[in-house]
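Reader: Hey, can you walk me through this protein? I'm new to reading structures.

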Amino acid sequence: MNAFEQLRKNGALAGVKVLSLSHVIAGPMAASMLGDFGADVVHIEQPGKGDPAREMGDDKDGVYLWWKVAGRNKRSLTLDLKSDKGREIASRLAQWADVVITNMRPSALERLDLSWEALHKLNPKLVYLQITGYGRDGPRASDPGFGKAGEAQSGVVYVTGFPDGPPIHTGFSHADAVTGLMGAYGILLALYRRNTDPSFDGELIDLALYESLFRLIEWQVIGYDQMERVYERSGNRPPMAPAAVVNTYQSADGDWITVTSGTTASVSKIVRLLGLPASEYSTARQQSDAAKFLDASLRAWVRARNTDDALSELTGGDVVGSRIYNVKDMLNDEVFKWRRSIVSIVDDELGPVRMQGVIPQLKNHGGEIWRTGAELGADNDLILREWLGMTDDDIAALREEKVI
């Protein structure tokens with residue numbers, strides 16, 4: 001049984017039908033999360049151009065690599081949504097679908113008759129995820145939004161970096177990716193309700209790009225509310241660190257190691273490792289007051305050892321630490337290998353390629369990767385002929401008119 005057949009038989013979302021009217025990262029990420037577990041995902045792209053994500057990042061001999069992951073486990077359908085026939089086909093697919101995902105501007109959705117209100121009339125049980133920069137209505141509903149602006153608005157950039165330096169964005173599309181994950185979560189909530197509530201009347205999931213990261217920083221609002229504290233950048237130790245020791249340290253051979261603590265007991269283990277008197281650092285207050293001293297002592301301790309010895313002693317002392325991995329480290333790591341965190345998939349253009357495996361792992365109804373990002377319009381005939389019942393002449397006419 002190949003990966004596609006396995007998904008259709010056992011995937012947790014086998015049978016769920018998804019129409020993706022989204023592009024670039026956040027919406028397509030949500031669709032990927034569903035496709036990895038067996039949902040049938042139709043990704044709508046502009047004829048001749050496709051999703052801008054097809055040309056993001058590095059390319060190898062003109063073949064763009066990021067798309068092979070971002071577009072995986074999806075069907076590509078080209079469709080000119082500015083044409084009457086294109087909109088008609090999109091509407092038919094919305095009636096076919098259980099879920100619609102979009103990150104188009106609200107004004108564009110209204111103009112194309114693809115808004116929540118329009119599609120809910122056609123498919124009253126539809127689950128509709130709408131991702132925007134600032135919300136689908138309200139004071140900035142018509143403004144364009146990108147992930148970096150969402151990160152800035154969430155508060156995460158303000159508290160990331162060192163006190164004497166500028167605010168720092170993380171090294172990937174943080175807000176987009178987390179919004180995609182939160183969007184997939186919202187879809188699953190709605191699908192559960194649909195499947196358990198006979199009176200279910202569809203669901204609109206309204207998600208702004210800043211909100212997912214904003215929700216994850218649990219302490220920032222209540223800290224200001226109760227103490228009028230604006231949390232500032234504090235390096236690798238978060239402003240609201242769970243315990244006294246959190247930082248990165250360089251070993252004698254130049255590698256970087258992170259050591260972290262989350263409880264009073266875990267800091268006490270670091271104290272023992274450093275040979276300090278346990279009684280002087282036994283309470284959370286004592287540890288917090290001594291945080292700078294403990295940090296400096298641990299920095300000197302790591303600096304006096306090579307990486308392997310430092311990691312071995314940390315493990316022996318039951319202290320949580322790790323080499324700071326680059327991608328080459330990940331590919332050689334025994335845990336990554338054991339958990340199949342990285343898998344090899346055959347791509348039509350590149351041959352075998354490695355990418356992240358399906359996460360999370362489900363024992364009985366897990367996901368699979370059955371294809372990398374497809375060529376533009378690769379599934380036009382399948383979707384139009386087999387799923388929408390069009391004839392060869394119908395499809396030929398659509399091509400002639402450049403609708404697909």
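Author: Here is a short chat about salt bridges, a helix pair and a surface patch. This is a predicted model, in which local features need pLDDT of at least 70 and side-chain atom pairs count only at pLDDT 80 or more, while totals for chains, interfaces and linings use all residues. Residues are numbered from 1 along each chain as its sequence is written, and side-chain values use heavy atoms, with hydrogens and water left out.

Reader: OK, how many salt bridges turn up in the whole structure?

Author: The search finds 23 salt bridges. A salt bridge here is a side-chain nitrogen of Lys or Arg within 4 Å of a carboxyl oxygen of Asp or Glu.

Reader: Why would side chains pair up like that?

Author: Side chains of opposite charge can pair when their charged atoms come close.

Reader: Cool, which residue does Asp-379 meet in a salt bridge?

Author: Its partner is Arg-75, at 3.2 Å from N to O. Asp-379 sits in the loop between strand E13 (351-356) and helix H17 (380-387), and Arg-75 is in strand E5 (residues 75-78), so the pair ties together parts 304 residues apart in sequence. Helices (H or I, at least four residues) and strands (E, at least two) are DSSP runs, numbered from the N terminus.

Reader: Are Asp-379 and Arg-75 buried or exposed?

Author: Both Asp-379 and Arg-75 are buried. Buried means under 20% relative accessible area, exposed means over 50%, and partly exposed is in between (1.4 Å probe, protein chains only).

Reader: And what about Asp-255, what does that one pair with?

Author: Asp-255 forms a salt bridge with Arg-323, at 3.4 Å from N to O. Asp-255 is in the loop between strand E9 (246-250) and strand E10 (256-260), while Arg-323 is in strand E11 (residues 320-323), 68 residues away. Asp-255 counts as partly exposed because its relative accessibility is 28%, and Arg-323 is partly exposed too, at 25%.

Reader: Switching topic: how do helices H2 and H8 pack?

Author: Helix H2 (residues 26-35) and H8 pack at about 50°, with their axes 7 Å apart. Axes are lines fitted to C-alpha atoms, for helices over the stretch in contact, and angles run from 0 to 180 degrees between N-to-C directions. H2 and H8 are therefore oblique to each other (under 35 degrees is roughly parallel, over 145 roughly antiparallel, 65 to 115 roughly perpendicular and the rest oblique).

Reader: Last one: where is Tyr-158?

Author: Tyr-158 is in the loop between helix H7 (147-154) and helix H8 (174-196). Tyr-158 counts as partly exposed, with 37% relative accessibility.
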